Amino acid sequence: MKSVALIGARGHTGAELIRLLAGHPSLELTAASSRELAGRAVADVVDGVATGLTFSNLSPVELAAGEFDVVILALPNGASAPFVSALERSSRERVIVDLSADHRFDVGWRYGLPEHFRDSLRKAKRIANPGCYATGIQLAVRPLLELIDGPVTAFGVSGYSGAGTAPSPRNDVEQLRDNLMPYALSGHVHEHEAARHLHHPVHFMPHVAAFFRGITLTITMPLGREHSFDELARRYHDAYDDEPLVEFDRATPLVRDIAGSHRCRIGGLTVEERTGRRAIVVVTIDNLLKGAATQALQNINLACGFDEFAGVPLERPADGARQ
């Protein structure tokens, strides 16, 4: 068994990680740190978890002094530095997985998108978990990347859980009622992240809606020459038919069907009829699971030498998938 410390356990993603770790055969959550929840029983806060663990409030020094094999940082952007600094001063070797954007542009950290960077994640000690939107964009674009001629454009809509637990207009249900709220229409961190790791320009327009969880992305890709639907579909099948957590389907995926799923679904592939030189796909992903917690567990498994999907409840593909 490997012992795990979770820092930032109060958030939506923290709760999902607690649930996943509770069902893992080789990982044991031994510390769940949250300033706001310190002293409360984890089982009283996180539904569906039977554990005697109590929330703590670990300082960076206390964390570094602990006998943990794996540390998960589920903190807001910009908050990981004191913890990472303390851990790196420690003589104990640990796996650190950072769910914030703080290390996604750091060459000293492995970028944790397993479906495309799996080999580099095996036995890794520093892993930057990808952002939810950036995960969906990259999974959709990479199979066609060598065919694309020009910037990729992605229109995204997320449930309000993506705005976190700190009160803001983007998680205020009253402001979102009967509404669609655009934000960060240029320069969103996930735009830069996807472009960096695809090595290709991406234009991304995020929005938030009144549903709680899930993301839908409609992605347009200009092609260098005419291609048929079958040519493009074959590339998606070749990339993902053997991937347990990514499925390609001819049907257009719906965001309401992805809530609670550990998979990313890609579908609705359309080739512009007039020229055959523009492809459009739709991607859905649960921002708290494959967009965060599930992907973190894949990365931890790879880093620790376990089966990549240990502890991940593998669902059956949706009806019609792999068609």
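## Close-up views of helices and loops

**View 1. Helix α5 passes helix α11 in a right-handed crossing.** In such a crossing the near helix is turned clockwise from the far one by less than a right angle, whereas anticlockwise would make it left-handed. Helices (H or I, at least four residues) and strands (E, at least two) are DSSP runs, numbered from the N terminus. This is a predicted model, in which local features need pLDDT of at least 70 and side-chain atom pairs count only at pLDDT 80 or more, while totals for chains, interfaces and linings use all residues. Residues are numbered from 1 along each chain as its sequence is written, and side-chain values use heavy atoms, with hydrogens and water left out.

The axes of α5 and α11 lie 10 Å apart and make an angle of about 30 degrees; they are lines fitted to C-alpha atoms over the stretch in contact, with angles from 0 to 180 degrees between N-to-C directions. The two helices are therefore roughly parallel (under 35 degrees; over 145 is roughly antiparallel, 65 to 115 roughly perpendicular, and the rest oblique). To find the meeting place, look for Pro114, Glu115, Arg118 and Leu121 on α5; their partners on α11 are Lys290, Gln295, Gln298, Asn299, Leu302 and Ala303. Sorted by class, the contact of α5 with α11 holds four nonpolar, three polar and three charged residues. Here Ala, Val, Leu, Ile, Met, Phe, Trp, Tyr, Cys and Pro count as nonpolar, Asp, Glu, Lys and Arg as charged, and the others, Gly among them, as polar.

**View 2. Helix α11 also packs with α1, which spans residues 12–22.** Here the angle is about 40 degrees, and the axes are 10 Å apart. The pair α1 and α11 is therefore oblique, and the crossing is right-handed. From α1, the residues Thr13, Glu16, Leu17, Leu20 and Leu21 meet a set on α11 made of Leu289, Ala292, Ala293, Thr294, Ala296 and Leu297. In this contact of α1 with α11 there are eight nonpolar residues, two polar and one charged.

**View 3. Helix α6 is largely enclosed by the rest of the structure, because ten of its ten residues are buried.** Buried means under 20% relative accessible area, exposed over 50%, and partly exposed in between (1.4 Å probe, protein chains only). Follow α6 from Cys132 to Val141 and you will pass its buried residues, including Tyr133, Gly136 and Leu139. Helix α6 packs with α8 at about 35 degrees, their axes 8 Å apart, in a right-handed crossing. The α6 side of the meeting comprises Cys132, Tyr133, Ala134, Ile137, Gln138 and Val141, and the α8 side His190, Glu193, Ala194, His197 and Leu198. Seven nonpolar, three polar and one charged residues make up this contact of α6 with α8.

**View 4. Helix α8, residues 189–198, is mostly covered, with seven of its ten residues buried.** Among the buried ones are Glu191 and Ala195. Besides α6, the buried residues of α8 pack against β5 (110–111), α5 (114–121) and β9 (202–208). Just after the helix comes His199, with a positive phi near 55 degrees.

**View 5. Asn287 sits in the loop between β13 (278–285) and α11 (289–304).** With 4% relative accessibility, Asn287 counts as buried. Its side chain makes a polar contact of 3.0 Å with the side chain of Ser161, and also reaches the backbone nitrogen of Gly214 at 2.7 Å. A polar contact is a pair of N or O atoms within 3.5 Å; within protein, one must be able to donate a hydrogen and the other to accept it, and residues adjacent in sequence count only if both atoms are side-chain atoms. Beyond its neighbours within four places in sequence, Asn287 is in contact (heavy atoms within 4.5 Å) with several residues, including Cys132, Arg213 and Ala292.

**View 6. Val281 lies in strand β13.** At 0% relative accessibility, Val281 is buried. Neighbours within four places in sequence aside, its contacts include Ala140, Leu217, Tyr236 and Ile266. Asn171 is 110 residues from Val281 in sequence, and their C-alpha atoms are 27 Å apart.

**View 7. Two more loops carry Ser261, between α10 (255–258) and β12 (264–271), and Asp241, between α9 (229–240) and β11 (246–248).** Ser261 is buried, with a relative accessible area of 3%, whereas Asp241 counts as partly exposed at 30% relative accessibility. Apart from neighbours within four places in sequence, Ser261 is in contact with Asp286, Leu289 and Glu315. The C-alpha atoms of Asp241 and Val141 are separated by 16 Å, with their positions 100 residues apart along the chain.
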